[in-house]
Structure formats: structure tokens, C-alpha cells
Amino acid sequence: MVGNPLLERISNREAKVGVVGLGYVGLPLGMAFADAGFKVTGLDVDQRKIDKIAKGESYIKHIPSEPLAKLTQAGKLTASNQFAKSRELDCVIICVPTPLTASREPDMSFIIATGEALAPYVRPGQLFILESTTYPGTTEEILKPLLEKGGLKAGVDFFLAFSPEREDPGNKGFNTKTIPKVVGGYSPACLEVAVALYGSALKEVVPVSSTRVAELSKLLENIYRCVNIAMVNEMKMLCDRMNVDVWEVIQAASTKPFGFQPFYPGPGLGGHCIPIDPFYLTWKAREFEFHTKFIELAGEVNWQMPYYVVQRTMEALNAGKKVLNGAKVLCLGAAYKKDIDDFRESPSLRVMTLLKEKGADISYHDPFVKELHKGHGFNMEMTSVPLDPETLNQYDAVIILTDHSHIDYNELVQRSNIVIDTRNATKAVTEGREKIIKA
């Protein structure tokens with residue numbers, strides 16, 4: 001590749017940036033580049049998202065509509081479902097889902113479909129970056145051959161890189177612009193261009209030696225959390241048998257000023273990364289005849305937590321001479337963590353499914369998740385019910401699965417028959433604690 005005019009276009013904010021996949025990662029990333037002065041085109045197959053962006057309306061709770069509307073009205077951010085527009089773009093960033101199949105193996109279908117959709121329009125001098133969380137080797141083994149179908153070569157005719165997404169919805173301390181960005185290039189020239197692009201819009205860029213290092217760094221981040229959460233989940237189950245409050249144990253241990261970082265138990269893992277990413281590495285490890293025992297054990301512990309919550313609920317009802325079959329149960333929270341609207345891989349859905357299978361009459365309340373539909377292992381259509389203090393005593397049990405801030409937990413405990421608390425949301429409740437069952 002002779003010369004590098006793309007670097008100059010990036011430096012002058014003349015490069016046209018495209019973002020494929022306008023979800024929790026793609027939308028804020030596109031906004032960050034638009035806010036930095038680039039003209040951004042979002043590409044997505046979901047017409048609802050395209051229509052919302054055209055109106056300047058956000059469809060993600062923690063992203064306000066006002067800054068989005070300013071960018072769209074200024075013509076800095078547009079959206080389309082026409083992938084032919086990628087030919088006009090200088091830089092294309094791919095932020096599509098990477099779920100698991102029914103057999104819990106990596107599902108590359110979204111990356112493959114995106115690569116195939118972009119392939120006819122690849123032109124010399126473009127930069128393509130994959131951000132979707134995946135196993136090491138994906139950029140070079142899957143995306144690269146797809147983009148090279150037309151005869152152009154990565155590292156020679158166009159640039160190729162991987163930069164793992166890092167998002168924490170609801171975390172007010174960090175955002176897309178302020179979270180350090182790891183970047184790995186297919187070649188030194190690819191890395192140089194990718195670093196220049198991200199450096200023009202984000203606060204800090206961390207270059208690494210290859211796309212595989214960047215891919216694996218993301219998995220390590222999430223496996224670190226998965227393993228530690230599994231440890232405290234197992235500790236919680238032991239503490240319940242020993243009649244010790246695991247939350248008090250964690251708080252006490254957290255006073256150590258070195259060598260300890262607190263992790264907290266819950267009803268299982270949720271979100272788009274931690275429940276899924278470890279399985280990407282365990283699957284890839286088989287290619288090298290390596291068995292990731294530690295990671296798989298952590299996944300097994302976390303996967304069992306919804307079953308544990310249901311078991312504790314059955315025990316609580318049994319203590320009151322009631323059975324789960326036919327019991328009215330209210331589940332508080334469908335989102336995977338507090339005060340957000342993201343319910344991807346939420347353990348709440350698994351808990352509700354298991355309760356239903358046991359014959360319970362279930363309802364749920366979540367102000368951020370108004371409706372639940374079939375899909376991703378969840379086989380029910382449900383609508384959030386109001387949290388009415390006057391009717392709480394009509395439920396045989398209330399299970400706190402997500403500790404949303406809007407709930408008055410004192411009143412909840414006072415008016416409920418039994419409260420199964422999986423999040424320590426009732427820690428400050430002083431009256432009626434005999435109704436609370438930790439799970």
C-alpha cells in the first residue's frame with residue numbers, strides 16, 4: 001500500500017466513519033465519533049433503530065435523546081440498512097452480536113453475515129475494525145477472508161484491526177470516550193491507522209501487537225469477573241448452610257487495603273459478555289488440545305445459581321406450609337443489573353422459566369423492561385405489572401432478582417409475606433427481617 005492518505009483524512013476529521021450494529025456498543029460509539037467531528041453513518045438491519053435515529057430518539061435507556069438529536073439534526077449522524085453505503089466510508093467498525101448456539105458454542109453468524117454484506121463494496125484504502133467480543137483468531141480467520149473475496153488483500157490494499165468493546169451500562173463514572181481502548185492491528189500499518197482513528201475521538205488508546213492479543217484481552221477481562229463471581233456465589237451457598245451472612249463477610253474482607261477486590265453474589269450471570277465469553281475461549285482451547293478446567297468450573301457454578309434461587313424459594317414456602325406449585329410469585333427485576341433496561345442473558349429470565357416449570361403463577365415488575373418476549377431460551381410473553389404496595393400481600397413470595405433503586409425495600413418487606421433477596425437489597429431494612437430469606 002503506497003502512502004497513507006487515510007491518516008491525513010482522519011487527522012483532519014474528513015474520514016467518513018461507519019458503524020455496523022447500532023446496539024449498546026455501536027450507538028454510543030457512533031455518537032462519540034460524530035461528536036468528535038466525523039461524519040458517521042450507522043448500518044443496521046433493524047428498521048426500528050434507523051427510524052428512531054432519524055427522529056433523534058434514543059432507544060437505549062442510559063443514552064439520552066438530546067445529544068443524539070443534536071448530532072442527527074446537524075447531519076453528523078445518520079443511519080441506514082443499505083450496506084452498499086459502506087463503499088463511501090473510509091472506516092467501518094463492526095459491532096454485531098456474538099451469542100452462543102443452543103449447544104453453547106460460538107455463534108459467528110452475525111459476523112459472517114456482516115462480512116458477506118460488506119465484501120462487495122470493499123475498496124482500496126479502507127479501514128475495517130471488528131469490535132464484537134470473540135475468540136482469538138476470529139478477525140484473521142473469519143472476517144479477513146470474507147473482506148478479501150473481491151481480490152483486495154488486508155494489510156496491502158485495505159487496513160484491518162480488532163478493538164474489543166468495553167461498555168458498562170449504568171456506570172456513570174465511565175463512558176465510551178473515557179474507557180481506555182485496546183487496539184490490535186493485522187499489520188503495523190493497520191495498527192497505526194486504527195490507533196489514529198480511535199485516538200481522534202477517545203481519551204486513551206492502548207495499542208497491542210496483534211489482533212489475537214486484543215481479542216484475548218477482552219476474554220481475560222470477562223473471565224476474571226466470571227471466575228471471581230463464581231467463587232463468591234459458591235461462598236454464598238456455603239454461608240447459607242453455615243448460617244453466616246456472606247455480605248457481611250465480603251464487607252469485612254473489603255477493609256483489607258491490598259490483595260483483595262470485592263465481588264458480589266447474585267442469582268446468576270447476565271449481560272452480553274460474562275455469561276458468554278468464557279465459553280468462546282473454552283471452545284477455542286480444544287483446538288490446541290487444552291482443557292480449561294478452571295473456567296468451565298466457574299461457568300458451571302454460575303449456571304446453577306438460578307436453580308439455587310428456586311430451591312431457596314421452595315424452602316421458604318415450605319417453611320410456611322405452602323408449595324411452589326400454584327404459588328403466586330412476584331419477581332422484581334428482569335434487567336441483568338440495577339437501573340438499566342438491558343436484559344440480555346439476564347438470570348431473571350432463567351429464574352422465571354424455572355419457577356414456571358415448577359408450576360408457580362409468576363408475575364414480574366421492572367420499570368425499565370416493560371415487556372418480555374420469547375427467545376434466547378425464554379419461552380413466555382410477559383408484561384411488567386405495577387408494584388402496588390396494597391397488593392403485595394397477595395403474593396406468596398416476592399423474589400428480588402435485580403436491586404433497582406426506585407423500590408422502597410422497607411415498605412416491600414413490611415407488606416410482603418416472604419421476600420427472597422438475591423442482591424442484599426434489604427440490608428438496610430430494620431423491621432420485618434424475619435420475612436427475609438437470603439438466596
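**Reading pockets, sheets and buried helices**

Modeller: Let's start with one helix. α8 contributes the most to the lining of the second largest pocket, giving seven residues. Keep in mind that this is a predicted model.

Biologist: Okay, what is the volume of the second largest pocket, and which residues are the closest to its centre?

Modeller: The volume is about 1,700 Å³. There are 50 lining residues, and those closest to the centre are E167, D168, P169, N171 and K337. Two elements, α2 (26–35) and α8 (211–242), each give two or more residues to that lining.

Biologist: How do the residues of that lining divide into nonpolar, polar and charged?

Modeller: For the second largest pocket, the split is 22 nonpolar, 12 polar and 16 charged.

Biologist: Now for cavities. How many of 30 Å³ or more does the structure hold?

Modeller: A cavity differs from a pocket in that a probe fits inside but cannot get out. The structure holds one cavity of 30 Å³ or more. The largest cavity comes to about 80 Å³ in volume.

Biologist: Which residues line the largest cavity?

Modeller: Look for V25, L29, E131, E165, R166, E167, T176, I179, K181 and L202. That lining breaks down into four nonpolar, one polar and five charged residues. You've met E167 already: it lines this cavity, and it is also among the residues closest to the centre of the second largest pocket.

Biologist: On to the sheets. What holds the strands of a sheet together?

Modeller: Strands pair through backbone hydrogen bonds, and the pairing can be parallel or antiparallel. Here, eight strands make an open sheet with mixed pairing, in the order β3-β2-β1-β4-β5-β6-β7-β8. β3 (77–80) and β8 (205–208) are at the edges with a single partner strand each, so each has one side without a neighbour in the sheet. From one strand to the next, the twist averages 25°.

Biologist: Which strands pair with β1 in that sheet, and over how many bridges?

Modeller: With β4 (residues 91–94), β1 (residues 16–20) pairs in the parallel sense over four bridges. With β2 (residues 39–43), β1 also runs parallel, and five bridges join the two. To find these pairs on screen, start from single residues: G18 has V92 of β4 as its bridge partner, and V19 stands opposite G42 in β2.

Biologist: Is β1 largely enclosed or largely open, and why?

Modeller: A residue counts as buried when its relative accessible area is under 20%. Four of the five residues of β1 are buried, so the strand is largely enclosed by the rest of the structure. Helix α5 (residues 109–118) lies across β1, β4 and β5 (127–130), and runs at about 160° to β4.

Biologist: What is the order of the open sheet of five strands?

Modeller: That one reads β10-β9-β13-β14-β15, with parallel pairing. Its edges are β10 (361–365) and β15 (436–438); each has a single partner strand, so one side is left without a neighbour in the sheet. On average, neighbouring strands in this sheet are turned by 25° against each other, ignoring direction. As an example, β9 (residues 328–332) pairs with β10 in the parallel sense over five bridges, and C331 stands opposite Y364 in β10.

Biologist: Let's try loops. Is S346 buried or exposed?

Modeller: S346 counts as buried, because its relative accessibility is 4%. You'll find S346 in the loop between β9 and α12 (347–357). Leaving out residues up to four places away in sequence, S346 touches L269, G270, A334, A335 and Y336.

Biologist: And where is G37?

Modeller: G37 sits in the loop between α2 and β2. At a relative accessible area of 37%, G37 is partly exposed. From C-alpha to C-alpha, G37 and N12 are 9.2 Å apart in space, and they are 25 residues apart in sequence.

Biologist: One last helix: how many residues of α10 are buried?

Modeller: First the general idea: an α-helix has 3.6 residues a turn, so residues three or four places apart point the same way. In α10 (residues 277–285), seven of the nine residues are buried, so the helix is largely enclosed by the rest of the structure. The buried ones are D277, P278, Y280, L281, T282, K284 and A285. They pack against α6 (138–147), α8 and α11 (293–319). That brings us back to α8, the helix that gives the most to the lining of the second largest pocket.

Methods:
Residues are numbered from 1 along each chain as its sequence is written. This is a predicted model: local features need pLDDT of at least 70, side-chain atom pairs count only at pLDDT 80 or more; totals for chains, interfaces and linings use all residues. Side-chain values use heavy atoms; hydrogens and water are left out. On a 1 Å grid over the protein atoms alone, a cavity is a set of points where a 1.4 Å probe fits but cannot get out, and a pocket is an open set with protein on both sides within 12 Å along at least five of seven lines; lining residues have an atom within 4 Å of a point. Grid points are joined across faces, edges and corners, and a volume is the space filled by probe spheres set on the points. Ala, Val, Leu, Ile, Met, Phe, Trp, Tyr, Cys and Pro count as nonpolar, Asp, Glu, Lys and Arg as charged, and the others, Gly among them, as polar. Two strands pair if DSSP finds at least two bridges between them. Axes are lines fitted to C-alpha atoms, for helices over the stretch in contact, and angles run from 0 to 180 degrees between N-to-C directions. Contact means heavy atoms within 4.5 Å. Buried means under 20% relative accessible area, exposed over 50%, partly exposed in between (1.4 Å probe, protein chains only).
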